[in-house]
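Let's take a walk through a protein model together, from the outside in. Have the picture open and turn it as you read.

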Amino acid sequence: CKASARYLRQRGVPFVERDIEKDRDANAEMRRKAQAAGMNPRGVPVIDFRGTIVLGFDQARLDALIRQATI
């Protein structure tokens, strides 16, 4: 989770960080979005990048999404 946040900051990608262990609403939202995407999150981070759910810190996937967002 810290690696994802650090990486997004380095790339200049604005984001909102929410602690799903302390924020019940954030936890429910994360689960709802993941389930809608056909995923079952088992850990953190769960990243919602403009509607695309990424489970875990997947730098290659984030790079691809960032590239798509800047086209």
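The surface that the protein chain exposes comes to about 5,300 Å², and carbon and sulfur atoms supply 47% of it. Keep in mind that you're looking at a predicted model. Of the chain's 71 residues, 28% count as buried. The C-alpha atoms fill a box of roughly 35 × 25 × 15 Å, taken along the principal axes.

Now for the parts. The protein chain has three helices and two strands. Start at the N terminus and you meet them in the order α-α-β-β-α. The radius of gyration of this chain is 12 Å, close to the 11 Å that the globule rule gives for 71 residues, so the chain is as compact as a globular protein of that length. What about contacts between distant parts of the sequence? Take the contacts between residues at least 6 apart in sequence: 29% of them join residues at least 24 apart.

Let's begin with helix H1, which covers residues 2–10. Find Ser-4 in this helix. Is Ser-4 buried or exposed? Its relative accessible area is 3%, and since buried means under 20%, Ser-4 is buried. Which residues does Ser-4 touch, leaving aside its neighbours within four places in sequence? They are Pro-45, Ile-47 and Phe-57.

Follow that trail to Phe-57, which sits in the loop between E2 and H3. Phe-57 is partly exposed, with a relative accessible area of 35%. Setting aside neighbours within four places in sequence, Phe-57 is in contact with Ala-3, Ser-4, Tyr-7, Pro-45 and Leu-62. Look at one of those partners, Tyr-7. Phe-57 and Tyr-7 are 50 residues apart along the chain, yet their C-alpha atoms are separated by 9.3 Å.

Pro-45 has turned up as a contact of Ser-4 and of Phe-57, and it's worth a stop. Pro-45 lies in the loop between H2 and E1, and Val-44 is found in that loop too. A cis peptide bond joins Val-44 and Pro-45, with omega at about 0°. Val-44 has its own partners: beyond the four places on either side in sequence, Val-44 is in contact with Cys-1 and Ile-20. Between the C-alpha atoms of Val-44 and Ser-4 there are 9.8 Å, although these residues are 40 apart along the chain.

Move on to the loop between E1 and E2, where you'll find Arg-50. What is the phi of Arg-50? It is positive, about 50°, although Arg-50 is not a glycine. Arg-50 is also exposed, with a relative accessible area of 69%.

Next comes helix H3, residues 59–69. Which residues are buried here in H3? They are Leu-62, Asp-63, Ala-64, Leu-65 and Ile-66. The cover over the buried residues of H3 includes H1, E1 and strand E2 (52–55). Pick out Asp-63 in helix H3. Asp-63 has a relative accessible area of 17%, so it counts as buried. Not counting residues up to four places away in sequence, Asp-63 touches Tyr-7 and Arg-11.

The segment after H3 holds Ile-71. With a relative accessible area of 87%, Ile-71 is exposed. How far apart in space are Ile-71 and Glu-17? From C-alpha to C-alpha they are 25 Å apart, and they are 54 residues apart in sequence.

Glu-17 takes us to the last stop, the largest pocket. How do you find empty space in a model anyway? Rolling a probe the size of a water molecule over the atoms shows where empty space is left. The largest pocket has a volume of about 830 Å³. Its lining is made of 29 residues, and those nearest its centre are Val-16, Glu-17, Val-46, Ile-47 and Asp-48. Which elements each supply at least two residues of the lining? They are H1, helix H2 (24–36), strand E1 (46–49) and H3. Sorted by class, the lining of this pocket has 18 nonpolar, three polar and eight charged residues. One of the residues near the centre should ring a bell: Ile-47 is also a contact of Ser-4, the buried residue of H1 we started with.

How values were computed. Residues are numbered from 1 along each chain as its sequence is written. This is a predicted model: local features need pLDDT of at least 70, side-chain atom pairs count only at pLDDT 80 or more; totals for chains, interfaces and linings use all residues. Side-chain values use heavy atoms; hydrogens and water are left out. Helices (H or I, at least four residues) and strands (E, at least two) are DSSP runs, numbered from the N terminus. Buried means under 20% relative accessible area, exposed over 50%, partly exposed in between (1.4 Å probe, protein chains only). Contact means heavy atoms within 4.5 Å. On a 1 Å grid over the protein atoms alone, a cavity is a set of points where a 1.4 Å probe fits but cannot get out, and a pocket is an open set with protein on both sides within 12 Å along at least five of seven lines; lining residues have an atom within 4 Å of a point. Grid points are joined across faces, edges and corners, and a volume is the space filled by probe spheres set on the points. Ala, Val, Leu, Ile, Met, Phe, Trp, Tyr, Cys and Pro count as nonpolar, Asp, Glu, Lys and Arg as charged, and the others, Gly among them, as polar. The radius of gyration is taken over C-alpha atoms; the globule rule is 2.2 Å times the number of residues to the power 0.38. Accessible areas come from the Shrake-Rupley method with a 1.4 Å probe; for residues, only the protein chains shown count as cover.
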